[in-house]
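The following exercises are to be worked with the sequence and the coordinates at hand. Each task is followed by a solution in steps.

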Amino acid sequence: MNTKTIYNALLRNYKDFLEVYHAIEKEIDKYEKKDSDKYHEDIYHLNAQHYLLNPLKKEYQKILQEFKESYEVE
């Protein structure tokens, strides 16, 4: 395996992660537009998931950047 292949695999995984991350954001927006009191528990759990994924998103970005810089991937 060459470094470009590994980088592309990391990038694909990151894109899959972002799909989930953005889907949670959309769900939060959807529930917040509705009656907040009725969906308070759902919003709470979605916000908790979103909060927990934030550090993972930053770590993904950091790993991709470091890999790209270390191996000079185009």
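**Exercise 1: The loop residue Asp-37**

Asp-37 is exposed, because its relative accessible area is 70%, where exposed means over 50%, buried under 20% and partly exposed in between (1.4 Å probe, protein chains only). The model is a predicted one, in which local features need pLDDT of at least 70 and side-chain atom pairs count only at pLDDT 80 or more, while totals for chains, interfaces and linings use all residues. Residues are numbered from 1 along each chain as its sequence is written, and side-chain values use heavy atoms, with hydrogens and water left out.

Task: Locate Asp-37 and state how far its C-alpha atom lies from that of Glu-69.

Solution. Step 1: Asp-37 belongs to the loop between α1 and α2; helices (H or I, at least four residues) and strands (E, at least two) are DSSP runs, numbered from the N terminus. Step 2: The C-alpha atoms of Asp-37 and Glu-69 are 47 Å apart, with their positions 32 residues apart along the chain.

**Exercise 2: Overall form**

Task: Determine why the protein is described as more spread out than a compact globule.

Solution. Step 1: The protein contains two helices and zero strands. Step 2: Its radius of gyration is 17 Å, well over the 11 Å that the globule rule gives for 74 residues, so the protein is more spread out than a compact globule. The radius is taken over C-alpha atoms, and the rule is 2.2 Å times the number of residues to the power 0.38. Step 3: Along the principal axes, the C-alpha atoms fill a box of roughly 50 × 15 × 15 Å. Step 4: Of the 74 residues, 20% count as buried. Step 5: Among contacts (heavy atoms within 4.5 Å) with a separation of 6 or more, 69% are between residues 24 or more positions apart.

**Exercise 3: Helix α1 and the core**

Task: Check the length of α1 against its expected span, and identify its buried residues.

Solution. Step 1: The expected span of a helix is 1.5 Å times one less than its number of residues. The 31 residues of α1 should therefore span 45 Å, and the end C-alpha atoms are indeed 45 Å apart. Step 2: At the N-terminal end of α1, Asn-2 acts as a cap, with a side-chain oxygen 3.2 Å from the backbone nitrogen of Lys-4. Step 3: The buried residues of α1 are Tyr-7, Tyr-14, Phe-17, Leu-18, Tyr-21, Ile-24, Ile-28 and Tyr-31. Their cover includes α2 (40-71). Step 4: The largest nonpolar core has 14 residues, of which Tyr-7, Tyr-14, Phe-17, Ile-24, Leu-46 and Leu-53 touch the most other members. Such a core is a set of buried Ala, Val, Leu, Ile, Met, Phe, Trp, Tyr and Cys residues joined through side-chain atoms within 4.5 Å. Step 5: The largest share of this core, eight residues, comes from α1.

**Exercise 4: Contacts between the helices**

Task: Which residues do His-50, Lys-57 and Glu-32 touch, leaving aside those up to four places away in sequence?

Solution. Step 1: His-50 lies in helix α2 and counts as buried because its relative accessibility is 16%. His-50 touches Tyr-21, Ile-24, Glu-25 and Ile-28. Step 2: Lys-57, also a residue of helix α2, touches Tyr-14, Phe-17, Leu-18 and Tyr-21. Step 3: Glu-32 is in helix α1 and counts as partly exposed at 42% relative accessibility. Glu-32 is in contact with Ile-43 and Asn-47.

**Exercise 5: The salt bridge**

Task: How many salt bridges are counted, and where do the partners lie?

Solution. Step 1: Side chains of opposite charge can pair when their charged atoms come close. The rule requires a side-chain nitrogen of Lys or Arg within 4 Å of a carboxyl oxygen of Asp or Glu. Step 2: The count is one salt bridge. Lys-30 and Glu-27 form a salt bridge through their side chains, at 3.4 Å from N to O. Step 3: Both residues lie in helix α1 (residues 3-33), three residues apart, about one turn of the helix. Step 4: Lys-30 counts as partly exposed at 37% relative accessibility, and Glu-27 counts as partly exposed at 29%.

Note on methods
Polar contact = N/O pair within 3.5 Å; in protein donor to acceptor, adjacent residues only side chain to side chain.
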